[in-house]
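Welcome! Here are some short exercises on charged side chains, each with a worked solution. Take a look at the structure before you start.

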Amino acid sequence: MSNITEKKSYEFAVRIVRLYKHLNDTKKEYVMAKQILRSGTSIGANVAEAEQAQSRADFISKMNIALREAVETDYWIRLLCDTGFLTEEEKQNMPKVTKELLLRILSYLKPYWLQFLFVFVAILLSSVVGLLPSIITGKIVDQALVGQDLALLIRLLLMAFCAM
């Protein structure tokens, strides 16, 4: 394995697989066990895929997915602990989504936060600009109909007809 994040996420996945076997074999818990297996092993798989990304966008996408899966896995672990599926001793041996693993994944995404913000603003602006003509036209038509300004309404219809 080429980096520490990939190594730690792989080790975490191994512990998750062991937890899955324990939940299935000993506790006969299948639904949450399957969920934690899926999300817990997905972290390392996405980190590994990000290492072989074809583009910066692909890399960001994979690391973002890894981060979301880590948060989801933490949720399932807390739920298993809080619903009594695990004894106190089992809770102590439970794999934990460590702050270190989350911070490592986040550190890969940090250089791109400003780009995320610019893309979001660009999408927002293009949406607003795209809506302006219909909003303005709607206001003018409303004023022409409500104000019963027949001349304005005829001019609007002629302009629309000429634009075709």
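**Exercise 1.** Which side chain meets that of arginine 38 in a salt bridge?

*Solution.* Keep in mind that this is a predicted model.
- Step 1: The partner of arginine 38 is glutamate 72, with 2.4 Å from N to O.
- Step 2: Arginine 38 sits in helix α2 and glutamate 72 in helix α3 (residues 56–82), so the pair links distant parts of the chain, 34 residues apart.
- Step 3: Arginine 38 has a relative accessible area of 38% and is partly exposed. Glutamate 72, at 23%, is partly exposed as well.

**Exercise 2.** Is lysine 62 buried or exposed? Find its salt-bridge partner too.

*Solution.*
- Step 1: The partner is glutamate 49, and the closest N and O atoms are 3.1 Å apart.
- Step 2: This pair links helix α3, home of lysine 62, with helix α2, home of glutamate 49; the two are 13 residues apart.
- Step 3: Buried means under 20% relative accessible area. Lysine 62 has 18% relative accessibility, so lysine 62 counts as buried. Glutamate 49, at 40%, is partly exposed.

**Exercise 3.** Which parts does the salt bridge between lysine 27 and glutamate 90 tie together?

*Solution.*
- Step 1: In this salt bridge, the closest N and O atoms are 3.3 Å apart.
- Step 2: Lysine 27 lies in the loop between α1 (4–25) and α2 (31–51), while glutamate 90 belongs to helix α4 (residues 88–92), so the pair ties together parts 63 residues apart in sequence.
- Step 3: Lysine 27 is partly exposed, at 27% relative accessibility.

**Exercise 4.** How many salt bridges does a search of the whole structure find?

*Solution.* The search finds eight.

How values were computed
Residues numbered from 1 in each chain as written. Predicted model: local features only at pLDDT ≥ 70, side-chain atom pairs only at ≥ 80, totals over all residues. Heavy atoms only, no water. Salt bridge = Lys/Arg side-chain N within 4 Å of Asp/Glu carboxyl O. Helix = DSSP H or I, 4+ residues; strand = E, 2+ residues; numbered from the N terminus. Buried < 20%, exposed > 50% of the residue type's maximum accessible area, 1.4 Å probe, protein only.
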